[in-house]
Amino acid sequence: MNDDDEASLFAQEVAGIQPLEKSEVYLGKKGAPVDFQARKRAAIMAQEADNNHLSHDYVEKVEPNDVLEYKRSGVQDGVFKRLRQGKYGIESRLDLHQRTVAQARELVYQFVDDCMRNDIRVAIIVHGKGDRTPDPDSQAMIKSYINKWLRDLDSVMAFHSAQRYHGGLGAVYVLFKKSEKARLENWEKHQKR
């Protein structure tokens, strides 16, 4: 069969076919491709934000040069003293410079959750002193909220303003509750003595 025969045979076969009418129109993709990983992360953060009980309403103001300190009952004085002196190794860090209160609220909640999931015992949160804000009523806002939020989180056992070499009054050391896994390992270690 030659090419002319094939073409005429094809033309006979499709002679009665009519095109389908379509109501939809394919526009194709315009712009950058969709980053589904970013969407997934945003959805997870939105879901976790729903669980975020940290308040961003009223806060008792602290001054830029105030020392932040808090110790939950049951924390030994020696442990708190070592925390205050910066003698524990810092295992994780969160920097809140240039963040709004709303952003800081989400970041702190996520940070504490991440620290607990990864068995972090001591971390530092750098919040800044907040003394460069021109409006005196807006000074030390993030610092004030950090003081409130860390007290509201059950997994935070203690916190204290950092030593000068770690950020001084613009940062805070945070001591987290031991996870069940760490508690069990500690118990087993002391039983072998």
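The paragraphs below walk through a predicted model, from an annotated stretch to its empty spaces, its rings and a few single residues.

Let's start with what the record says. UniProt, in an unreviewed entry, places the feature "domain: Smr" at residues 94-177. Over residues 94-177, helix makes up 35% of the chain and strand 23%. The C-alpha atoms at the two ends of that stretch are 18 Å apart. Keep these boundaries in mind as you turn the model, as they give a handy frame for the tour.

Now to the empty spaces. Rolling a probe the size of a water molecule over the atoms shows where empty space is left. The largest pocket has a volume of about 360 Å³. It is lined by 16 residues, and the closest to its centre are H97, H127, G128, G130 and T133. Sorted by class, that lining has 7 polar, 5 charged and 4 nonpolar residues.

The second largest pocket holds about 240 Å³ of space. Its lining draws on several parts of the chain: G74, V75, Q76 and V79, then R121, then M157, and finally L175, F176, K177, K178 and R183. Here the classes come out as 5 nonpolar, 4 charged and 2 polar.

Besides the pockets, a search of the whole structure turns up 2 cavities of 30 Å³ or more. The second largest cavity has about 50 Å³ of space. Which residues line the second largest cavity? They are M116, D119, I120, R121, K177, K178, S179 and A182. If some of these names sound familiar, that is because R121, K177 and K178 are also in the lining of the second largest pocket. By class, the cavity lining divides into 4 charged, 3 nonpolar and 1 polar.

One of the cavity residues deserves a second look. D119 lies in the loop between α4 (101-117) and β3, and its phi is near 55 degrees, a positive value in a residue other than glycine. Most residues other than glycine have a negative phi, and most peptide bonds are trans. With a relative accessibility of 28%, D119 counts as partly exposed, because that value falls between 20% and 50%.

A140 also has a positive phi, of about 60 degrees, although it is not a glycine. You will find A140 in the loop between β3 and α5. Is A140 buried or exposed? Its relative accessible area is 2%, under the 20% cut-off, so A140 is buried.

The loop between β3 (122-126) and α5 also holds R132. This arginine has a relative accessible area of 81%, over the 50% cut-off, so R132 is exposed. In sequence, R132 and P64 are 68 residues apart, yet their C-alpha atoms are separated by 9.3 Å.

From this loop we can step into helix α5 and look at its rings. A pair of aromatic rings is described by the distance of the centres and the angle of the planes. The structure holds 2 aromatic pairs. In one of them, Y145 and W149, the ring centres are 5.2 Å apart and the planes meet at 35 degrees, so the pair is tilted: the angle lies between 30 and 60 degrees. Both residues belong to helix α5 (residues 141-152), where they are 4 residues apart, about one turn of the helix. Both partners are buried, as W149 has a relative accessible area of 0% and Y145 has 5%.

Helix α5 also holds D152. With a relative accessible area of 32%, D152 is partly exposed. D152 and H53 are 99 residues apart in sequence, while their C-alpha atoms are 8.6 Å apart in space.

Last on the tour is a charge and a ring. The charged end of R82 sits over the ring of Y88, 4.9 Å from the centre of that ring.

Key
Residues numbered from 1 in each chain as written. Predicted model: local features only at pLDDT ≥ 70, side-chain atom pairs only at ≥ 80, totals over all residues. Heavy atoms only, no water. 1 Å grid on protein atoms, 1.4 Å probe; cavity = no way out; pocket = protein on both sides within 12 Å on 5 of 7 lines; lining within 4 Å. Points joined across faces, edges and corners; volume = space filled by probe spheres on them. Nonpolar A, V, L, I, M, F, W, Y, C, P; charged D, E, K, R; others polar. Phe/Tyr/Trp six-rings, centres within 6.5 Å; stacked < 30°, edge-to-face > 60°. Buried < 20%, exposed > 50% of the residue type's maximum accessible area, 1.4 Å probe, protein only. Lys NZ or Arg CZ within 6 Å of the ring centre and 35° of its normal. UniProt positions renumbered as here; feature names shortened; annotations may be inferred.
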